Amino acid sequence: MHHNDQHVTERSHRTLDEQLLPAVHRARARVDVEAWEVPDEPVAFEEAVAAAYRPLAVGDAWGRPWGTTWFHLRARVPEDWRVGKDSLELLVDLGFTDSSPGFQAEALAYRPDGRILKGIEPRNAHVTLPQRPGEPVELYLEAASNPDIAQGGRAFLPTPLGDKETAGDQPLYRLRRLELAIRDVRVWDLVQDVRTLHGLLDVLPRDRPRYATVLRALEQMLDVIDPDDVPGTAEQARDLLAPVLASPANATAHTVVAVGHAHIDSAWLWPVRETVRKCARTFANVLDLMDEDPDFVFACSSAQQYAWVKERYPALFERVRARVAEGRFVPVGGMWVESDTNMPGGEAMVRQFVAGKRFFLEEFGLESQEVWLPDSFGYSAALPQIAVGAGNRWFLTQKMSWNDTNTMPHHTFRWEGIDGTRIFTHFPPVDTYNSELSAVELDRAERQFADKGATNVSLVPFGFGDGGGGPTREMLAAARRAGDLEGLPRVRLGSAQSFFEAAEADYADPPVWSGELYLELHRGTYTSQARTKRGNRRSEHLLREAELWAAAAAVRTGASYPYDELESAWHTVLLQQFHDILPGSSIAWVHREAERRYDELAQRLEPLIDDALSTLVGAGSSPLCANAGPLAVADAPALGVAPALSDGAAPTVTATPEGGATLDNGLLRVVVDRDGLIRSVRHVATGREVVAAGAAAGLLQLHRDTPNKWDAWDIDAAYRRVHEDLTEAQSVAVIDGADGACVEVRRMFGASSVVQRIALRPGSTSVDLTFDIDWHERQKLLKLTFPVAVHADRFAAETQFGHVFRPTHTNTSWEAARFEVCAHRWVHVAEPGFGVGVANDSTYGHDVRRERTGSGDEATVIRLSLLRAPLFPDPEADQGRHALACSLVVGADVMDAVAEGYRLNVPPRAILGAGPSAPLLAVDDPAIVVEAVKLAEDRSGDLVVRLYEARGAARAGTLTTAFEWEAVVATDLLERPQAEVSADGRTGRVEVALRAFEIRTLRFSGARAAGTEERT
């Protein structure tokens, strides 16, 4: 850069900061203020305005952590003010830090009649007022003193502020400004012009004529601006800049569709209750902006957030509804929340769309067609089929740009799932979902776009996000000025749908990416906050049981179906699958609340299950076994209730002279040494030894876990290099366990302890392990290890409605980056003719790789990540007691692993009753798995059955019903008819032919007990 050029840019920036910005507002006037601090949790407007207020002055401290303070403002517009085409505004500074909006104090402005005006936050801290000179002004501000947990994103340090119980009560903020002012539109427009040109200079090559032209225009502007009369010289200054702002973009310039957006995390560094208020503030900001700019379109996901606003702010919701009808406030995504997609179970993933789309259809009469997940931490390979099955055409995320090793090769492509379903997908190359439409961001979108030459359009979501806030008038001004500007891509305001339709039309044959979208970052989210994850897993399976037995009782006996209770329970589960709750990356308040809600949900669902089963089996004292799993367990048929029978001869457990024990059930022979380690698991039928030579199964390993940055989010590859094998046992003993004798091992390590039990069941080829862990480590990762004598270059890991294969080697950087992965209820490794699975009841994080054992032999080592202990954002994460279970499934194929996964997660229930209850339906092929049995969402009484193919190969089978029905049809996931099926109502047989991993939903109308008349 030439010295004079640098002089001009420095002078221009200083002039902007010291002369132009201070001149935007003029003729300031005082506002009187009084305050009322809410004693505890937030209250409604009606209660707040009736409270007793105390005087407060600018400069006073206010706001304990997580508190709410209401400010009552009064002023009078001076008689001598002349507003004209300018605007009267209230200017507010609550004591803002330099952090982004959404991460600190914020407020909501009300008129005295309760009408919401807009949100107030850093960089959007004004309220436009309608009053004229001489008129009074009266407003209320509901101010939230939320702590800045991450210190503006600069620090990720342990803090007590994330829990209201430990946050203290000292004021966090000091009221810095409350005043009336007139915004000078001429000066404000000049500021926007100058900011646009400053940004343009940041991205233009210094040796191009365009750079020199812009610089000279700024230099001329600086000569014209009079520091003593900025308003009087602003128009002339703008005239000098107008020619360079009017120079059009190059003919081949990239086009971005700028979509207004506010990513609002449903919880994260704030609790759920604060998200409700963030939605109100953001929605109010958006509505205010729409009143100013008729071209502004805003995309907003998450039906849950609309539902909160409808419940808590009904008048605001009606204003939203009106803008939705205009097509300007656009519901996108069609999900209940922007959920994690790695860990939710198959049916829960479906219900995200069922609940979300139902809300949008019922409230607004519209159905979004795009999946909108900009910030979730990787995307399951089952998602394309689920998304398309729920009526979606498009998928959007930005998060894959966060990869720490490999760069995704495309920004626009078709994504193919495990069953072959493809969905049109886009990653915004701008690499942010919180764009401010700066020149740097727009230039980055054009430079990074990976599909140049094939298509030339991308999407930019703009608006303050994460903590909400949304777009600002400055962002819209930037969009206008960059709309067709030489040196930048063209910018067009629009909707997500308008982008996707244009992109599809422009790119008829995009490339295909097959399989999961694995995020090479945030791998610790499969493990952090184990109680939250266990609550999710347990709740998903309780809901399976509740729906199955309630549906069976309704069909068989005419019992009422608990629609409202089940819907409420599902909404709780779906909310807590949000991508910062289920992954364990929120503050302590969020996770303690999630754990409490899971407990309350279990207390609600267990009686529903008991009542439905009691209705099915009748009053009596016969021991019965209720099996809600999709596969038979012992003598209990799938989905039915059978007499409880003995499982056969009890396994033998014999203490050895060396201090260990041997377990034997005739199918497996297990040797536990004096250290409580499993040294041998022999498969009796084949004589095959499962434990790799020189190794031990069931070994706990304690790793150092100090990620570079994102504590709760990340596990860095370096964790492998420092670890301790927990081989020392305090005791190894044979005891009486729940299912007979077992080996109990007690260990102590660091400040923690574990009680581990090893057992065999009669007739089972699984080794059961349970753990009761009292965990008090910090920055440690606890893994459970199974080195197995199976040569496998890949392993299968359960995902929604099937499984994915992942390599056990690291031939490429893509494989090496997958050093920690997510699996649901099981993983499986196999050679031809022999396999081993490991199932679990609450664990998601796994790694499986080829290693040398102590003897030098090669083994396939399966590890489960049981617990972590990150310090941020919850310094007490995972501290305390944990109970979890897993099993080593020997001589297993994939379907054995599937069966064991269901058995651990939906264990048979021992009940008493008059007699058994045959299953409502049965499938003759175990690979065709029944995932859900329920009554239809529309409350018609129709029975809905969801199945999937679990082995990974096309199957044809027969579903036979034990109830009568009038008609059956295949539906989409929202239970809307799609196709006829081959069925015979007289025999109750439905022919089911599925491709590999295909999901099929069947809807039976007129379902009723066999041999009964149709119910009225």
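In this predicted model, threonine 69 sits across from alanine 143 of strand β10. That pairing is part of a longer run: β5 (residues 67-76) and β10 line up antiparallel over 10 bridges. Strand β10 also has a partner in β7 (residues 106-110), again antiparallel, through 5 bridges. Here alanine 143 turns up again, as the β10 bridge partner of alanine 107. As for how covered the strand is, β10 spans residues 136-145, and 8 of its 10 residues are buried. Strands of a sheet pair through backbone hydrogen bonds, in either the parallel or the antiparallel sense.

Just ahead of β5, in the loop that comes after β4 (61-62), is tryptophan 66. Its phi is near 70°, a positive value in a residue that isn't glycine. Most residues other than glycine have a negative phi. Tryptophan 66 is also well out of reach of the probe, with a relative accessible area of 1%, so it counts as buried. Leucine 437 tells a similar story, with a positive phi of about 60° despite not being a glycine. This leucine is placed in the loop between β19 (422-426) and α11 (439-448). With a relative accessible area of 4%, leucine 437 is buried too.

A further backbone oddity is the peptide bond between phenylalanine 872 and proline 873, which is cis, with omega at about 5°. Proline 873 belongs to the loop that links β43 (858-868) with β44 (880-890). Most peptide bonds, by contrast, are trans.

Another piece of sheet is built from 5 strands, arranged as β25-β26-β27-β28-β29, open and with antiparallel pairing. At its edges are β25 (652-655) and β29 (688-689), each of which pairs on one side only. The link between β28 (residues 678-683) and β29 is antiparallel and consists of 2 bridges. Within it, histidine 683 faces arginine 688 of β29.

Turning to the interior, the largest nonpolar core takes in 215 residues, and Phe329 and Leu943 are the ones that touch the most other members. Helix α16 (residues 588-617) gives this core its largest share, at 12 residues. A separate core of 59 residues lies apart from it, with Ala661, Leu668, Val754 and Val836 among its members. In soluble globular proteins, nonpolar side chains tend to be buried together.

What does phenylalanine 329 touch, leaving aside residues up to four places away in sequence? The contacts are Phe283, Val286, Leu287, Met290, Phe298, Cys300, Tyr306, Val320, Arg323 and Val324. One of these, Tyr306, is among the buried residues of helix α7, along with Ala303, Gln304, Gln305, Ala307, Trp308 and Val309. Helix α7 (residues 303-312) is mostly covered, having 7 of its 10 residues buried. Those buried residues pack against a mix of elements: the helices α6 (272-292), α8 (314-326), α9 and α15, and the strands β14 (298-300) and β15 (329-331).

Helices α9 and α15 come up again around the cavities. The structure holds 12 cavities of 30 Å³ or more, and the largest contains about 240 Å³ of space. Its lining is made of 23 residues, with Gly345, Gly346, Glu540, Arg825 and Glu931 nearest the centre. Elements that supply at least two lining residues each are α9 (346-364), α14 (530-557) and β37 (794-799). Helix α14 makes the largest contribution to the lining of this cavity, 6 residues. By residue type, the lining of the largest cavity breaks down into 8 nonpolar, 6 polar and 9 charged.

The second largest cavity has about 190 Å³ of space. It is lined by 17 residues, and Arg351, Arg358, Glu567, Trp570 and Glu937 are the closest to its centre. Here α9, α15 (563-575) and β47 (928-935) each provide at least two lining residues. Helix α15 gives the most, with 6 residues. The lining of the second largest cavity splits into 9 nonpolar, 1 polar and 7 charged residues.

Technical notes. Residues are numbered from 1 along each chain as its sequence is written. This is a predicted model: local features need pLDDT of at least 70, side-chain atom pairs count only at pLDDT 80 or more; totals for chains, interfaces and linings use all residues. Side-chain values use heavy atoms; hydrogens and water are left out. On a 1 Å grid over the protein atoms alone, a cavity is a set of points where a 1.4 Å probe fits but cannot get out, and a pocket is an open set with protein on both sides within 12 Å along at least five of seven lines; lining residues have an atom within 4 Å of a point. Grid points are joined across faces, edges and corners, and a volume is the space filled by probe spheres set on the points. Helices (H or I, at least four residues) and strands (E, at least two) are DSSP runs, numbered from the N terminus. Ala, Val, Leu, Ile, Met, Phe, Trp, Tyr, Cys and Pro count as nonpolar, Asp, Glu, Lys and Arg as charged, and the others, Gly among them, as polar. Buried means under 20% relative accessible area, exposed over 50%, partly exposed in between (1.4 Å probe, protein chains only). Two strands pair if DSSP finds at least two bridges between them. A nonpolar core is a set of buried Ala, Val, Leu, Ile, Met, Phe, Trp, Tyr and Cys residues joined through side-chain atoms within 4.5 Å. Contact means heavy atoms within 4.5 Å.
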